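Subject: Structure handover

Dear colleague,

Please find the structure below, with the sequence alongside. My notes on helix packing, and on a few other points, follow it.

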Amino acid sequence: MNDKLVFLGLLYFVQGIPYGLQSSLLPVYLRGAGHSLTRIGFTKILYFPWVLKVLWAPLVDRVGTKRRWLVGTVSGLALTCLSSAALAPEAHIWGVAGTLLAMNTFASVQDIAVDGAAVGLLKGRGELGLGNTAQVVGYKAGSVFAGGGLLAVIDVAGWSWMFMLLTFVYAGVALFVWGAPVLDDESIKQADGGRRGGQGAEAMRPWRVWRKLMAVPGTPWTILYVLTYKLGEQGAVTMFPLFLLDHHMTARELSFWNGVIAMGFSICGSSLGGLLLAQFSIGAMMRRVFVLRTISMVFQSSLLTVLEPSPLMKGMAVLSMSVQHFLGGLITTLTFTTMMHCTQRAEESIQATHYSFLATLEVLGKLMFSALAGGVVDWCGFQVAFLFFLTLSAGTALHVWTATFTGALRETQLKEQPK
């Protein structure tokens, strides 16, 4: 099991690097180089391959092996970083944008392959919990490494040496994957072998694949869940720091408490989720955690009525953000485990496609609401907006609570999966 966790954690770590580069490092670097906020904002378009990955997931499912796809995509990331090292963003902004778009494309294809490998490798409730902890924590650690750690590298050594360092990191991971014995597992070899027997033609008839996806037990419920489970939380996590910036904290204070301390709590929550899943049922855990999140949002919403700055308010605000991120990290691990439970009910030839489909919807649900949350606050104010966020969170808790007794999260349903 330890070999599986190291393998998955490392791959998800390098997968999180492009996100950290674009969400944290690139805006700071480009702004320091004199680029406009409008141009910096356009860099969000570079995430687009992640939305489209479900379109080429059937190809990854049916052509080649997981090892070849992983080695190929990680090697592609190494070559892309090597190309980026030869470019100066001050003079070649569009060239840099092109290489970052390529990084997102390779990383999104790698995500399909590693998710498919994880579905085949992880067996039983304990392994699923720990494996999904490795996924969530590894990805977050990779994004923190790129967005925070590499800022120190770029300050000391510059843009080119930073990308040379990433080239060596990706090249080393590609060599590791090429010789990784964990991919010699019989279930992976059988799944890959079964896809070569004339199933390649089915990839050319995607409507059959989609019919199979929707026929997997629990898929309709899971689709609705992953689209909505973060809505209220996402609005609160995005907007509460801005409320504090307006009334109680400086930008430096906020970057430390929300960007460092709260993220640490998020990683702790994700880690704890995997450990608890080895001991308790996922249905019982989800019921309790979603209720706790709703209570936490009630507490956070009550802080919006305090407009005068004070040490007590700052302490309560930090506590609120830390609890929200901790519960958010815990829920993320539970969610990805639930998605994998659902995917394991699918036939092996469509498992990577099925999981990629659910993961794409999970990203879409969060991104769409993040884009709208600011407009909701501008339109009706913080207090009313947070009441709306709280209502969404309570609705999701009710959705989960019902499913643990009569729906997709019943214990009898969760036990019906391949051995």
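I start with one helix pair: α10 and α14 cross in a left-handed manner. This is a predicted model, so please read everything here with that in mind. Helix α10 covers residues 219-228, and its axis lies 10 Å from that of α14, at an angle of about 155°. An angle over 145 degrees counts as roughly antiparallel, and α10 and α14 are therefore roughly antiparallel to each other. On the α10 side the contact is formed by Thr-219, Trp-221, Thr-222, Tyr-225 and Val-226, and on the α14 side by Ile-331, Thr-335, Thr-338, Met-339 and Cys-342. Sorted by class, these residues are six nonpolar and four polar, with no charged residues.

Helix α14 also packs against α13. Here α13 spans residues 282-302 and α14 spans residues 311-343; the angle is about 155° and the axes are 10 Å apart. That makes α13 roughly antiparallel to α14. The crossing of this pair is left-handed. From α13 the contact takes in Ile-282, Met-285, Met-286, Val-289, Phe-290, Leu-292, Arg-293, Ser-296, Met-297, Phe-299 and Gln-300, while α14 supplies Met-316, Ser-320, Met-321, Val-323, Gln-324, Leu-327, Leu-330, Ile-331, Leu-334, Thr-337, Thr-338 and His-341. The division is 15 nonpolar, seven polar and one charged. Ile-331 and Thr-338 of α14 are listed in the contact with α13 and also in the contact with α10.

A further partner of α13 is helix α11, residues 231-247. The axes of α11 and α13 come within 11 Å and cross at roughly 35°, and the crossing is left-handed. Gly-232, Glu-233, Ala-236 and Phe-240 of α11 meet Arg-293, Met-297 and Gln-300 of α13. By class this contact has three nonpolar, two polar and two charged residues. Arg-293, Met-297 and Gln-300 appear in the contact of α13 with α14 as well.

For the chain as a whole, the secondary structure comes to 16 helices and zero strands. Of the 419 residues, 52% are buried. Among contacts with a separation of 6 or more, 86% are between residues 24 or more positions apart.

The UniProt record, an unreviewed entry, annotates "transmembrane region" at residues 40-57, 69-88, 159-180, 256-278, 290-307, 319-340, 352-373 and 385-409. I looked at two of these stretches in the model. Residues 159-180 are 91% helix and 0% strand, with the end C-alpha atoms 32 Å apart. Residues 319-340 are 100% helix and 0% strand, and their end C-alpha atoms are also 32 Å apart.

One residue away from these pairs is worth a note. Ala-107 belongs to helix α5, residues 93-121. Is Ala-107 buried or exposed? Its relative accessible area is 0%, and under 20% counts as buried, so Ala-107 is buried. Apart from neighbours within four places in sequence, Ala-107 contacts Gln-15, Pro-18, Trp-50 and Leu-77. Of these partners, Gln-15 is 92 residues from Ala-107 in sequence, yet the two C-alpha atoms are 5.7 Å apart in space.

Regards

Notes: Residues are numbered from 1 along each chain as its sequence is written. This is a predicted model: local features need pLDDT of at least 70, side-chain atom pairs count only at pLDDT 80 or more; totals for chains, interfaces and linings use all residues. Side-chain values use heavy atoms; hydrogens and water are left out. UniProt positions are given in the numbering used here, feature names are shortened, and annotations may be inferred rather than shown by experiment. Helices (H or I, at least four residues) and strands (E, at least two) are DSSP runs, numbered from the N terminus. Axes are lines fitted to C-alpha atoms, for helices over the stretch in contact, and angles run from 0 to 180 degrees between N-to-C directions. Angles under 35 degrees count as roughly parallel, over 145 as roughly antiparallel, 65 to 115 as roughly perpendicular and the rest as oblique. A crossing is left-handed if the near helix is turned anticlockwise from the far one by less than a right angle, and right-handed if clockwise. Contact means heavy atoms within 4.5 Å. Ala, Val, Leu, Ile, Met, Phe, Trp, Tyr, Cys and Pro count as nonpolar, Asp, Glu, Lys and Arg as charged, and the others, Gly among them, as polar. Buried means under 20% relative accessible area, exposed over 50%, partly exposed in between (1.4 Å probe, protein chains only).
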